[in-house]
Amino acid sequence: MYCILVAGMPASGKSTIAGRISKSLGIPMLSKDSIKEVLFDDLGFHSRAEKVQLGVAAMHILYYAAAQLMKAGKPFVLENNFEDASVPGILELLEAYHYTAVTVRLTGDPEVIYRRFAARDLSDTRHRGHVVNDCYPEPPGAPRENPTRKSYEQFLDDIATRGYTRFQANGPVLEVDVTDLSSLDDSQLMDALRALL
């Protein structure tokens, strides 16, 4: 059986692409960020350390849910900021349930994607739990915290150090250029993906 892992640098469009794949194939999609948002809303946090712990919990829930789908022999899409540190955990899961993962790795012009990254946290559609670091929900009347901006050089260093653009599990890789998400041809993407499946 197979699953599809959608990986790539921050703000490359992982959630968008994973959702399109899920809809086209008619299979479930699990997202770590979506789980984190539920935890942020239900539990909140009062420090950067607590926020990080909720992220760790979200990863455990993500892998637990994936394992349940694997036990049932179901295909699915998993979306996450997969990086070098993710490889041992995902390989252990895949091997335990005899799954092959096709990695859809989103690539593109890092300068363009950095601009999306820099603008994303300023958007009203971005969940505030991702934006603030000290306290969520924010106290009534508190000034809206503006996120600390990484420089372009820091963004590139993170990509190189953490391995967002080299992640691969135990199966083939489909690289997708997401420099311009609006021009991405869904039918072409799905044809290429189905050929690998």
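Good morning. I begin with helix 4, whose buried residues pack against strand 1 (2-8), helix 3 (48-71), strand 3 (77-79) and strand 4 (100-107). I should say at once that what we are looking at is a predicted model.

Which residues of helix 4 are buried? Within helix 4, residues 87-97, they are Ile90, Leu93 and Leu94. These residues lie on the same side of helix 4, because the arc they cover around the axis is only 95°. The general background is familiar: an α-helix has 3.6 residues a turn, so residues three or four places apart point the same way. On the face of helix 4 turned away from the buried side we find the exposed residues Pro88, Glu92 and Glu95.

Just after helix 4 comes histidine 98, in the loop between helix 4 and strand 4. Histidine 98 is not a glycine, yet its phi is positive, at about 55°. Its relative accessible area is 68%, and since exposed means over 50%, histidine 98 is exposed.

Let me now step back to the protein as a whole. The chain holds 8 helices and 5 strands. Read from the N terminus on, the order of elements is β-α-β-α-α-β-α-β-α-α-α-β-α. The C-alpha trace spans about 50 × 35 × 30 Å along its principal axes. How does the radius of gyration compare with that of a compact globule? For 197 residues, a compact globule would have a value near 16 Å, and the protein has 17 Å, which agrees. Of these 197 residues, 45% count as buried. Among contacts with a separation of 6 or more, 78% are between residues 24 or more positions apart.

Threonine 103 offers an example of a buried position. This residue lies in strand 4, one of the elements against which the buried residues of helix 4 pack. Threonine 103 has 0% relative accessibility and therefore counts as buried. What does threonine 103 touch, leaving aside its neighbours within four places in sequence? Its contacts are Leu5, Ala7, Phe167, Gln168, Ala169, Pro172, Val173 and Leu174.

Valine 52, in helix 3, is partly exposed, as its relative accessibility is 40%. From valine 52 to leucine 91 the distance is 23 Å, C-alpha to C-alpha, with their positions 39 residues apart in sequence.

I turn next to the largest pocket, which holds about 1,600 Å³ of space. Of its 48 lining residues, those closest to the centre are Asp33, Lys36, Asn81, Arg120 and Arg126. Which elements give two or more residues to this lining? They are helix 1 (14-25), strand 2 (29-31), helix 2, helix 3, helix 5 (110-120), helix 6 (128-131) and helix 7 (152-162). Helix 3 supplies the largest share, with 7 residues. Sorted by class, the lining comprises 14 nonpolar, 17 polar and 17 charged residues.

Helix 2, residues 32-43, includes lysine 32. Is lysine 32 buried or exposed? Lysine 32 is buried, because its relative accessible area is 17% and the limit for buried is under 20%. Apart from neighbours within four places in sequence, its contacts are Gly55, Ala58, Met59, Leu62, Glu79 and Asn80. Lysine 32 and valine 56 stand 24 residues apart in sequence, and their C-alpha atoms are 9.7 Å apart in space.

Finally, I would draw attention to some backbone details. By way of background, most residues other than glycine have a negative phi, and most peptide bonds are trans. Alanine 11 has a positive phi, near 70°. Alanine 11 is found in the loop between strand 1 and helix 1, and counts as buried because its relative accessibility is 10%. Histidine 98, described earlier, also has a positive phi, but it is exposed.

Where is there a cis peptide bond? The bond from tyrosine 136 to proline 137 is cis, with omega near -5°. Proline 137 belongs to the loop between helix 6 and helix 7.

To close, I return to the starting point: helix 4 has Ile90, Leu93 and Leu94 buried, and Pro88, Glu92 and Glu95 exposed on the face turned away from them. Thank you for your attention.

Technical notes. Residues are numbered from 1 along each chain as its sequence is written. This is a predicted model: local features need pLDDT of at least 70, side-chain atom pairs count only at pLDDT 80 or more; totals for chains, interfaces and linings use all residues. Side-chain values use heavy atoms; hydrogens and water are left out. Helices (H or I, at least four residues) and strands (E, at least two) are DSSP runs, numbered from the N terminus. Buried means under 20% relative accessible area, exposed over 50%, partly exposed in between (1.4 Å probe, protein chains only). Contact means heavy atoms within 4.5 Å. The arc is that of the directions from the helix axis to the C-beta atoms. On a 1 Å grid over the protein atoms alone, a cavity is a set of points where a 1.4 Å probe fits but cannot get out, and a pocket is an open set with protein on both sides within 12 Å along at least five of seven lines; lining residues have an atom within 4 Å of a point. Grid points are joined across faces, edges and corners, and a volume is the space filled by probe spheres set on the points. Ala, Val, Leu, Ile, Met, Phe, Trp, Tyr, Cys and Pro count as nonpolar, Asp, Glu, Lys and Arg as charged, and the others, Gly among them, as polar. The radius of gyration is taken over C-alpha atoms; the globule rule is 2.2 Å times the number of residues to the power 0.38.
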